[in-house]
Amino acid sequence: MVTSTFVITYVATVKIKPLFAPDSSYYAAMALWFGGTSKQDAVRQVIEMRHRQGWSTPQLTIDRMFGWGLVQPRVVLPALSAPFVKIWGIEGLAVVPGLAMAALIGVLTWLLVRRWGWLAGAATVVLVMSSWRIMFYGAAMLTDSLSALWGALILVAAWHYHRHRGWQPVVWMVVLTVISGFTRQATLVPAGAFVTAWLAAVILRRRPNGWGVPALAVTVTSVSVQLLQNWLFPTFSEFDQMNQFKANTGATSLLGALMGVPGLAWNIVFHDLDNFAGSDHPLLVLVMLSGISMVVFWRRAESHLLLGALMGIGLYNVATGSATAFRYAMPGLAFFAVSVALLISRVDPRPDGLQAVEHPPAPETDGGDHGRHGDQALVAEIPRPGG
């Protein structure tokens, strides 16, 4: 069911939606350049592609295409796409995002089914694929599917750390965070998720608290990558970002901008939810179910992870100052999915479906809402690699 749904929704997206978006211009130019094309010819091909797609071409100079510090660090998609772009031209830029989206669905299915059973896992993944926006972001010539995949794999590595408590999953978290940072600047989403999960476990006095190391590893790596990028690509000015932030809130000072954040955040949330209600009902259901799950299971680590991810997503959204219709939430898609799967698993009428939540095969305890079967017991159900 999951495979057939993916094939249908992906093919429908490719047939209906143009996969080349304005942001694709930068990745296409870099992919062409990495494949041996000169910068001048790369810009020419991008301009021709934009004309064919009906996009305007303002200020598409070599300096703009290759010298903008915000985009310069995003080398992962162009590097992976270079062979395909060399073979098929700019259209080849769609190959890696499509493969990444397929891998993301596979990882989510494996993760959710192993943790909560087939009904909750498959239902959640099918709901994800029913959103045309999520499928478009995943199929388009953009970084979103790769970014979402890295976020899901970082979560898998963190849960493996709960079971193994060794250095290997920590190394994977660090490596994946570095790769994610050079895919798109979105690493504060998993960092916020793990930090919030750690703080919540501290407040709830849970022992052992296995979120400290993942929070430290991902957060330190995330900040280090950002500082490195600012040093390597100085044309991305934090000062300019601050001015944009103040302009978005209509303030003239940093203090005034900070005071305007709640109003700006509310406007973004309201606009996005209204947008989903009018044109993407599955996405609205996904967001609402995850919110309900976060409230109902407020003591669970899944809820704390989603809350932290939402704060990271909100930070990027507020800094941009405009609604992005869930696109900035794609790096945290896995955190939405685990919350929804948890909620669905509680209404699974089958005894084997309930068993995945109520009776996980692990002896660990953490004082969670299931007595001796708390969060730490649940994470132990995640199998070893290859298991």
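Biologist: Let's start with Leu204. Leaving aside its neighbours within four places in sequence, which residues is Leu204 in contact with?

Modeller: Once those neighbours within four places are set aside, Leu204 is in contact with Trp298, Arg299 and His304. Keep in mind as we go that this is a predicted model.

Biologist: How far apart are Leu204 and Arg299 in sequence and in space?

Modeller: They are 95 residues apart along the chain, yet their C-alpha atoms sit 8.0 Å from each other.

Biologist: And where does Leu204 lie?

Modeller: In the loop between α11 (188–203) and α12. Stay with that loop for a moment, since Arg205 and Pro208 are placed there too.

Biologist: Okay, how do I read the backbone there?

Modeller: Here's the general idea: most residues other than glycine have a negative phi, and most peptide bonds are trans. Now the case here. Arg205 is not a glycine, but its phi is positive, at about 60°. A bit further on, the peptide bond joining Arg207 and Pro208 is cis, with an omega of about -5°.

Biologist: Let's move on to helices. How do I describe two that pack together?

Modeller: Two packed helices are described by the angle between their axes and the distance between the axes. Try α10 (residues 167–181) and α12 (residues 212–232): their axes come within 9 Å and cross at roughly 30°. Angles under 35 degrees count as roughly parallel, so α10 and α12 are roughly parallel to each other. Their crossing is right-handed.

Biologist: Which residues of α10 and α12 make the contact?

Modeller: From α10 you have Val170, Met173, Val174, Thr177, Val178 and Gly181. On the α12 side, the list includes Val213, Pro214, Ala217 and Val218, and also Thr221, Ser222, Val225 and Gln229. Sorted by class, that contact has nine nonpolar residues, five polar ones and no charged ones.

Biologist: What about α6 and α9: how do their axes meet?

Modeller: The axes of α6 and α9 (residues 144–164) come within 8 Å, crossing at roughly 30°. That angle makes α6 roughly parallel to α9. The crossing of this pair is left-handed. Among the α6 residues in the contact are Leu104, Val107, Leu108, Trp110 and Arg115, and α9 brings residues including Leu149, Leu153, Val156, Trp159 and His160. By class, the contact has 18 nonpolar, two polar and one charged residues.

Biologist: α6 packs on α8 as well, I see. At what angle do the axes of α6 and α8 cross?

Modeller: Roughly 130°, and the axes of α6 (residues 95–116) and α8 (residues 132–139) come within 7 Å. That makes α6 oblique to α8. The contact is made by Pro97, Gly98 and Met101 of α6, together with Ile134, Met135, Gly138 and Ala139 of α8. Five of those residues are nonpolar, two are polar and none is charged.

Biologist: Last topic, pockets. How much space lies in the second largest pocket?

Modeller: About 520 Å³. Its lining has 23 residues, and Val269, Val287, Leu310, Ile313 and Phe336 lie nearest the centre.

Biologist: Which elements give two or more residues to that lining?

Modeller: Those are α15 (261–279), α16 (281–296) and α17 (301–320). Of the elements, α15 gives the most, with seven residues.

Biologist: And what does the lining of the second largest pocket look like by class?

Modeller: There are 17 nonpolar residues, five polar ones and one charged residue.

How values were computed: Residues are numbered from 1 along each chain as its sequence is written. This is a predicted model: local features need pLDDT of at least 70, side-chain atom pairs count only at pLDDT 80 or more; totals for chains, interfaces and linings use all residues. Side-chain values use heavy atoms; hydrogens and water are left out. On a 1 Å grid over the protein atoms alone, a cavity is a set of points where a 1.4 Å probe fits but cannot get out, and a pocket is an open set with protein on both sides within 12 Å along at least five of seven lines; lining residues have an atom within 4 Å of a point. Grid points are joined across faces, edges and corners, and a volume is the space filled by probe spheres set on the points. Helices (H or I, at least four residues) and strands (E, at least two) are DSSP runs, numbered from the N terminus. Ala, Val, Leu, Ile, Met, Phe, Trp, Tyr, Cys and Pro count as nonpolar, Asp, Glu, Lys and Arg as charged, and the others, Gly among them, as polar. Axes are lines fitted to C-alpha atoms, for helices over the stretch in contact, and angles run from 0 to 180 degrees between N-to-C directions. Angles under 35 degrees count as roughly parallel, over 145 as roughly antiparallel, 65 to 115 as roughly perpendicular and the rest as oblique. A crossing is left-handed if the near helix is turned anticlockwise from the far one by less than a right angle, and right-handed if clockwise. Contact means heavy atoms within 4.5 Å.
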